[in-house]
Amino acid sequence: MFAPVRDKPKLRMVEAFPVQHDGREMIMLRDPLRWTENILFVPAGLLPILQRFDGDHSVLDIQAEIMRRSGQLVPSDFLRGIVARLDEGLMLDSPRFQAHRERLLREFRESPVRPAANAGASYPAEPDKITAMLRNHFFAAGGPNGPGAARETRGRLVGLIAPHIDLRRGGVSFAWAYHQLRGRDDIKLFVILGTGHQPMKHRFGGIGKDYATPLGVARTDHEAMQALAAGLPFDFFEDEWAHRSEHSIEFQVLYLQHLFGGQLNARIVPVLVGSFHEFGQTGASPASDAEVAAFTKALRQLLEVSRGRACVIAGVDFAHI
């Protein structure tokens, strides 16, 4: 059994959206970090109460403050019922949530692979359906193998910029990028830089696991990951958890597996890239940041050692706002 929620309930850092639900004005709560996939709907009129679930107000404090501001007596049992519902939905920073979080962390740490997180949502879960969908991206109207098929690029290919938008919406754009990799069996290492959508402690985050999708397991080059880590002034694997639900690398792996077969012979180096938002605000160059400078130097050294047999894939959207 879980310990009871402390007397001063604290809402976690969840997203709140005003929505219409069953004809009512509601607030939708969801977890951007995806510690839980739960989505809760609460009446919009309860927003003043939710705002006071900050860890500093007890139920009695909230009751007294609402009474003072509105003249309305909100029964304490009603408030405790809201607390209980939020706790069951894992939206509170509580013993229940902490136990849930520790279990997920333990399972992720113990897993030899990073399991597919978006199969059945952003793309089908069945391999034959995935293959059909991705093939259609290439042969669709406007695709690289559609009418007026594009020529393949030959010569040395050191980098590729691909989207990371939902596959069902941006599939043709993915196909144009990955069309350049057809027949490129000379590439033995794919360094995949994915946009990190979760808060990260560092600019870059590696992972010590292989990447699994319904098409197979893409093997991570662990020696390359350690070589990168050795040249960095921070713990390269501290943000490993951010890989768990992130789609920006998973989509690239899926396309690589589609092009080269489920058992991808080349190795991958999956790296999530955190936010650079402050550089846009201040106008400073990212190169002035110690972590950015160290990572780019370590990556350059890795590519030099690979002797032209590596390709960097950037899973980015040019208008990622």
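Reader: What is the strand order of the open sheet of five strands?

Author: The model is predicted. Its open sheet of five strands has mixed pairing. Read across the sheet, the order is 5-11-6-10-7.

Reader: Which are the edge strands?

Author: An edge strand pairs on one side only. That holds for strand 5, residues 159-162, and for strand 7, residues 204-205. The edge strands are therefore strand 5 and strand 7.

Reader: Which residue in strand 10 stands opposite F204?

Author: Strand 7 is joined to strand 10 (residues 267-273) by two bridges. These strands run antiparallel. Opposite F204, in strand 10, stands V273.

Reader: At what angle to strand 6 does helix 8 run?

Author: Helix 8 lies across strand 5, strand 6 (189-195), strand 10 and strand 11. Helix 6 (residues 167-178), by contrast, lies across strand 5 and strand 11 (310-315), and runs at about 175° to strand 5. For helix 8 and strand 6 the angle is about 150°.

Reader: How is helix 5 oriented to helix 8, parallel or perpendicular?

Author: The axes of helix 5 (residues 127-139) and helix 8 (residues 250-260) come within 11 Å. They cross at roughly 85°. Angles of 65 to 115 degrees count as roughly perpendicular, so helix 5 is, relative to helix 8, roughly perpendicular.

Reader: How many nonpolar residues does the contact of helix 5 with helix 8 have?

Author: Helix 5 contributes I130, T131, L134, R135, H137 and F138, which meet L254, Y255, H258 and L259 in helix 8. By class, three residues of this contact are polar and one is charged. The nonpolar residues number six.

Definitions and conventions:
Residues are numbered from 1 along each chain as its sequence is written. This is a predicted model: local features need pLDDT of at least 70, side-chain atom pairs count only at pLDDT 80 or more; totals for chains, interfaces and linings use all residues. Side-chain values use heavy atoms; hydrogens and water are left out. Axes are lines fitted to C-alpha atoms, for helices over the stretch in contact, and angles run from 0 to 180 degrees between N-to-C directions. Helices (H or I, at least four residues) and strands (E, at least two) are DSSP runs, numbered from the N terminus. Angles under 35 degrees count as roughly parallel, over 145 as roughly antiparallel, 65 to 115 as roughly perpendicular and the rest as oblique. Contact means heavy atoms within 4.5 Å. Ala, Val, Leu, Ile, Met, Phe, Trp, Tyr, Cys and Pro count as nonpolar, Asp, Glu, Lys and Arg as charged, and the others, Gly among them, as polar. Two strands pair if DSSP finds at least two bridges between them.
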